[in-house]
Amino acid sequence: MSLLQSEADRWKAWDTFVEATPDAGFMQTSWYADFRASVGYQSFCVTLKDEETIVGGALVMKWSYAPQRCFYYISDGPVLPQDESTAHQVFDTILEIIDEHRRSEEETVSHLRIEPRWQHLPDFVRGFRPLGVRDAYTEPRTTLWIDLRPTEDEILAQMKPKGRYNIHVAQRHGVAVVEDTSAQGLADFLRIYKRMASRQEIEAKPPGYFRTLFSLLLPRREISIFFAEYRGRRLAVALVVYFGRRASYFFGRSLALHRSVMAPYLLHFEVMRAAKARGCEWYDLWGFDPGNEPDHPWRKFSVFKAKFGGVVHRLTPTLDYVYDAAAYADYAAPERGADAA
């Protein structure tokens, strides 16, 4: 019993540290480790302390993508201190500990992947390479943030004219936005999500993916679902994850029905208002077109998101540190066609 309590305390201390670190994200939390475990990821955590104070670390995921082959994956990390010289020492120590862990693996670890929330790559990060091709096992490296600290009028004023206009169109049509975290709310989210995925001919995540996410975060009050309704019909949905002072638009979809009432625009404005009332300082609209690829698959919905104004955050690219060149070449082969879980 004391061992379990000690483990819970360690995770609590780690989560508190991550939440208080500006250049960190929810994918470094204990709940995210539990969430990814539900789809087959294993994980271990590297925590570095100065006496009793955590100064850095990393939640490291392990994904087995082929028989006897795996890679390590640090989403939203590693988490480092602000001081660059100390960050350098912490970063090198994290890599050493991960390498020690790798040497005890029964599987061949092809590479270590990091996706820190840095906007500039520190000089001490060496030996890593950016991806040569698109890879399913990545998270967005360009996002759009809306500053929620100004007044609501100021938030509206910084939007593109078309964004403000479409919000007012939805209001004039009587579109309503409701928050619904009930079982019915989750069911309605899954229904809209599935219909949208079918219409766009993209592979939808299974219902269990979202049910697990919801079951982990609802007791913590770190997730919510918002709907835009028109004439009793739920037309658009936004699943929002809260982390520290940031609210993130993690998933969302809208139906093709009644497009002229501009329901998604009012939906996001009301999500911003709710997040601001909760004490959040930023609304992260998540994936955004990197801007240098006219045919990028995110181009269409990025045009929609851009109408809300905000600040584009361009993070450092996904980086790989290769442990085994032959295994990495096999992993990166185009014909492998890996799909992220």
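In this predicted model, Tyr72 has its bridge partner, Leu112, in strand 4. Strand 4 covers residues 108–115 and pairs with strand 3 in the parallel sense, over six bridges. In general, strands of a sheet pair through backbone hydrogen bonds, either parallel or antiparallel.

The pairing of strands 3 and 4 belongs to an open sheet of six strands, arranged in the order 1-2-3-4-13-5 with mixed pairing. At the edges of the sheet stand strand 1 (42–50) and strand 5 (129–130); each has a single partner strand, so one side of each is left without a neighbour in the sheet.

Strand 3 spans residues 69–75 and includes Ser75. Because buried means under 20% relative accessible area, Ser75, at 5% relative accessibility, counts as buried. Leaving aside neighbours within four places in sequence, the contacts of Ser75 are Met27, Gln28, Glu115 and Glu139.

Ser75 also takes part in lining the largest cavity, together with Met27, Asp76, Glu115, Arg117, Glu139, Pro140, Arg141, Thr143 and Trp286. A search of the whole structure finds one cavity of 30 Å³ or more. As a general point, rolling a probe the size of a water molecule over the atoms shows where empty space is left.

The second largest pocket is lined by 18 residues, and the closest to its centre are Pro22, Asp23, Ala24, Trp145 and Arg246. The table sets out the volume and lining of this pocket and of the cavity.

| Space | Volume | Nonpolar residues in lining | Polar residues in lining | Charged residues in lining |
|---|---|---|---|---|
| Largest cavity | about 60 Å³ | three | two | five |
| Second largest pocket | about 300 Å³ | eight | four | six |

Turning to the nonpolar cores, the largest has 44 residues. Which residues have the most contacts inside this core? They are Phe26, Phe189, Leu239 and Phe250. Not counting residues up to four places away in sequence, Phe250 touches Phe26, Met27, Leu213, Leu239, Val241 and Trp286. Apart from the largest core lies another, of 34 residues, including Val240, Tyr265, Leu267 and Phe269. In soluble globular proteins, nonpolar side chains tend to be buried together.

Two residues link these descriptions. Met27 is in contact with Ser75, lines the largest cavity and is touched by Phe250. Trp286 likewise lines the largest cavity and is touched by Phe250.

Methods:
Residues numbered from 1 in each chain as written. Predicted model: local features only at pLDDT ≥ 70, side-chain atom pairs only at ≥ 80, totals over all residues. Heavy atoms only, no water. Core = buried A, V, L, I, M, F, W, Y, C linked by side-chain atoms within 4.5 Å. Buried < 20%, exposed > 50% of the residue type's maximum accessible area, 1.4 Å probe, protein only. Contact = heavy atoms within 4.5 Å. Helix = DSSP H or I, 4+ residues; strand = E, 2+ residues; numbered from the N terminus. 1 Å grid on protein atoms, 1.4 Å probe; cavity = no way out; pocket = protein on both sides within 12 Å on 5 of 7 lines; lining within 4 Å. Points joined across faces, edges and corners; volume = space filled by probe spheres on them. Nonpolar A, V, L, I, M, F, W, Y, C, P; charged D, E, K, R; others polar. Pairing = 2+ DSSP bridges.
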